[in-house]
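Welcome to my notebook. I opened this model to look up a few things, and I am jotting them down as I go.

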Amino acid sequence: MVRLKDRYLLVHIIYTDVPAGQAKGSVPDLLLYNQPTTGELRAQHLLKGIRSEVASLFGDCGSGAIDRSLQVKYLSPATSTFILRVSRDHHRLAWAALSFMDHVPVRNGRPCVFRVVRVSGTIRKVEEEAIRRAKLLVLSAKQEMSGKCSDALGALLRGKDQGRSLTTVADQNDDSEMEDVGTSGD
Amino acid sequence: MDRKKSLPDAKAPDAKRKDPPSTANNTKNQANDTRPNSRAVKRVKFNDARNIRSQPPDAVLEDGRLDLQKFLSAREFEIKALETSMRKCKASNSTRVFQQVPRAMRRRTASHNVKRVPKRLRERAKREQLEDNTPTVEARKRRPRTTRARIRAETAKKLDILAARKRKRRLEKAAADGPAVVKGKGGDVKPTVQSRAPRPKIRRDTLNEPPKIKSKFRKRQQNKTWLPTHVWHAKRATMTEPSKPQWRFAIPITSTEKCYRPTHRASGQKGAVAWDMSYMSTIGLYGSSLGVERVLRALGLTQEGLWAVRGQKWRAGSRKWSGLLSKERKESKRIIGPATIIWNPESAMENTGELSDLKKSQRQLLIRTHPSCFLELFNELLKLVKMQTPRLHIEDLRFEIGSIEVTGPGSTEALLGVLKPYYDKPGTECQADVFKSLAGVTNPASLPKDAFLAFSARDPRLAYPPRQINVPDRNGDPVLLETLTKWPVEKHLAPFGLFSRDTRHTASQLPTQKSINRRKGSSVPGKEVPVTAADPPIPVILLASKSSTAVQAQGTWTLMAPWKCILPIWYSLMRYPLSTGGNPRFGGLDEQRQITFEQNVPWFPGDFPGTDAGLSWELEQRLKRKRDWDRRPRGKRVEWKSLDLGAGRKGEIGDGLACDFEHLFGLPKNNTLGPDDTRNEAVSVDSDAMELDRLDKPQGIQATEDSPKPLSMIKHLTKASFGALAPPTHEKAPRSSIITVTLAFTGRGVVSPCARIYRLPPQKSPMPVLPSTQAEVPATEPPPSTVSGLLPSNLREQWLGKLPAKSSSSAGGKDRQTKKRSSAPPRMPPGADLATRKRLLAASLLTAEPQYPQSSTNQTDVGGHPLCPGEEELIGFVTAGAFSLSEGKGTAIGSVSAEKALETIRGTGAREGHLCVVRNAGESLGWLARWEVV
């Protein structure tokens, strides 16, 4: 039986500017990086943005390749997180497109960075990773609240546990290539 | 009109199987309406499970500003949403019912038959099939298409009408004299004529007929007998073909489930395997003890120990004897087959008699043997018995006594759970108490050698389903150890119930299942039904046997009980919940062979081609292999003539589909194949045939035995008699006698039946020694003269070099060196001086054999592997061989010519004499193995 093989991408949208109406320095950096995305952003806008980016980068061939399976599984504007499904063979095209996108794909979108945090063969593992990262953020936010000055950038980029490498960690997992990209945003 | 209504509709014949289809049909319109609905519901459910909830961005903002508290709550919301999504996804991960059934039950055929799934899943399966419109009805099966099917359907209809009429008449009758009947059932009316169930006739000194079968099943048992558990097995196992019964029985061959590895595990590590062995034959022997002794001596029980002090326990009836029986023929012994002999203890009154009385005392014995050699043994016994004065008698108890075999660590536990002693009070039956104290025994082989127990058990249906017994962790329990060492069964030895025809008969009159159900219904739930006078005791004998070769191998329990009692015991046994989990498995003939093979024990009759039973088995197998071979397409079967054995030898030795002992011993071939087949079949059928008239004319028997059947000249030599011939003596082995051996490969190798066993080729005469200057120079090969001369002269060394280095210490190393030296011109040693170099160069130039062009393949070796020895080194054949799960490598059991084996041992010593090369039939590669007599 032929099985359609997919990859799931966990993507964070990271903002680098201060929103309008927010005094500079009034909020910790942690919050600044993890700002909510505008509610105008719908799944179809996102898809449209990725498609057009892929088309401009890889031409018709590329856009045709990812066209079949590109789907947004989860989009949470409040936490600026989304899960993308791409066909396994071409998920790098979508990933590249995400790396080249520099603003939210709506009209007058704010400048931002799409950071692919996790690539997996099952949505389950992606969800687990999202949970883990959310928990990490909560922890560092709590530290922030308790007055300790935390390393906001570190909390943002810290994909793995403290002991492990901060940048790119590629697990030696045969099928689901789990890659952690730490510095695509900077 | 009225009758037409009562007719069953056209679907009746297949109504038995197709339950859901009918519902699907009847409710088709309805289903059509509901289906989209249900599908929509399903889709909603599915979408709901896949959807992950998320918050709008405002949730994070406090009046349009970022806020730490909100930030936290948003993350927490996300975590919760993702977790619920994962949970819901898993829950809604829809699996069909057919994916949930136990692994062993999964199958493709009829996988849409709801009756194939467990009852608890049946409703769901029906619903699922209804929902997604699974086609379960095949149109072609709904109406009888063939004439035969139509006739069957019509007959079924007619029978239905008849049955309905009968039912109606009975109802009318019951309505007419209703109250009277009810009163009659109450039992307080005067008893009418009391009828006694007829005791089955057992005629002495002749064969007895199979039990009278219910007329419903009689037609199917015309040329065979069913085991008591036949119906149970027929649903779960592949049985022998209806037209080709095995040993005149319908025997389960193997389970329909995949069971090779489970059987291995259950028999050795965890669990238990049980077989209905009721096809084993039992013969009763009665008469004076002196006469019995004479008869048994004539059957080969000649070890003096048996008749002196050592055999006292056996003769008293507290130990069994198992071994090979043989018959005397013209100054030579011929093995009949394995048997177990049990004496019935004398009753206490008789025991008080004087010594002279003892000699006259009447004794009873049971001889349990394999059905394939039953007739031979029976005839032999009959002959011997007739010669004795005072007369002895034998009884054919084949269908009187059935048996079950159980093996595995859980076997004792399962038997303890199923067989409850009949008498509650301890001390009534000493052996029952011993049996009860065996809880905790995980291997029947840990019992004393040849131990057995005889006691009366109660009907297992009274405590059905069986409950798990309390298995104490009694690994080192001193009480149990003491029981096992002392084995206190001699205390009150009384005659065993199983020997008495009356006891067996009463035990066969077990109360009906209906009455037991009634009693169960009236007693407190969860409590065992108490034993009443209506429940007869079931006399059982439990034999514990251990395999002869492996000490730590699992032993086997053999339960002997009256034929009619086997079925209830079997039902209970199969339901017993083992403390290690699961139920006992059941096995068929294949599993029996598998387990004996894994224990490295020869299996009768397959591994005893030197007996009549083994011979007919071998002939059967030949026919079967031939049939299978014929069925294969020409391109995919082994072409025996074109097999390249290397060194110019072409073609398989003898018949590749047979353990060709005729070829080995130069016996006359059974002429051409065509008539041969029919002849063989006729012979095998003949030897199985149980016509009574043959017994009346022993000349007839003699005639068939003396008829020139070449293979029947082969004799089996037991380990003991072969040991008597071993090296110190110089006696020759009897002509065309074979011994059964186990083969252990020294390195790699897996062989299958019919593989050829060679001894190592003899040392060739040493080559002309060259002057000392050329000492390390390879001698040129002598020019090939004969076919065998084509084989490399150092073949023996090549084979010895294949021995693993550890076992062959210095000698092996040397062999390998010589092999290297002789096979190819040596390489320059790294630090050689000029003189040596020159010498070596000159030597290599002098080597007569040109290196190029290379000789064709298989000329001197098979890709570096030594060639298999020549035909004159053939000593035997493999009768059973496979990868053994217990050894973790290939093992085999075979038969080799005793004469040649002796020759080899005498010629080359015990160490190298036991080495052999085994080659699969139809393959050119041989494997080095070591044989051991069993």
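**Notes on chains A and B**

I began with A:Phe100 and found this residue in helix α3 of chain A, which covers residues 91-100. A reminder to myself before going on: the model is predicted.

Is A:Phe100 buried or exposed? I looked up its relative accessible area, which is 55%. The cut-off for exposed is over 50%, so A:Phe100 counts as exposed.

Next I asked which residues join A:Phe100 in a nonpolar patch on the surface. They are A:Leu57 and A:Phe58, and the three together have about 280 Å² of accessible area.

Then I turned to the sheet in chain A. I found an open sheet of four strands, in the order β2-β3-β1-β4, with antiparallel pairing. Which strands stand at the edges? They are β2 (71-76) and β4 (112-120) of chain A; each has a single partner strand, so one side of each has no neighbour in the sheet. I also noted the turn between neighbouring strands of this sheet, which is 25 degrees on average with direction ignored.

I followed one pairing in more detail. β2(A) runs antiparallel to strand β3 (residues 81-87) of chain A, and five bridges link the two. One pair I looked up there is A:Val72 with its bridge partner A:Leu84 in β3(A). What packs on this sheet? Helix α2 (residues 43-67) of chain A does, touching β2, β3 and β4 of chain A. The direction of this helix makes about 145 degrees with that of β2(A).

On to chain B, where I started with the totals. I read off 34 helices and 28 strands for chain B. Of the 934 residues in chain B, 46% are buried. Its accessible surface comes to about 50,700 Å², and carbon and sulfur atoms account for 55% of that. I also looked at contacts in chain B between residues at least 6 apart in sequence: 75% of them join residues at least 24 apart.

My last stop was strand β7 (residues 273-276) of chain B, which is covered on both faces. B:Val273 and B:Trp275 are buried on one side, and B:Ala274 and B:Asp276 are buried on the other.

Which strands pair with β7(B)? Strand β13 (residues 401-407) of chain B pairs with β7(B) in the antiparallel sense over four bridges. Strand β17 (residues 585-586) of chain B pairs with β7(B) in the parallel sense over two bridges. I finished with B:Ala274: its bridge partner in β13(B) is B:Val406, and in β17(B) it stands opposite B:Phe586.

Terms used: Residues numbered from 1 in each chain as written. Chains lettered and ligands numbered in written order. Predicted model: local features only at pLDDT ≥ 70, side-chain atom pairs only at ≥ 80, totals over all residues. Heavy atoms only, no water. Patch = residues over 30% accessible without salt bridge, like charges linked within 9 Å, V, L, I, M, F, W, Y side chains within 5 Å. Areas by Shrake-Rupley, 256 points an atom, 1.4 Å probe, with all protein chains shown as cover. Salt bridge = Lys/Arg side-chain N within 4 Å of Asp/Glu carboxyl O. Buried < 20%, exposed > 50% of the residue type's maximum accessible area, 1.4 Å probe, protein only. Contact = heavy atoms within 4.5 Å. Pairing = 2+ DSSP bridges. Axes fitted to C-alpha atoms, helices over the stretch in contact; angles between N-to-C directions.
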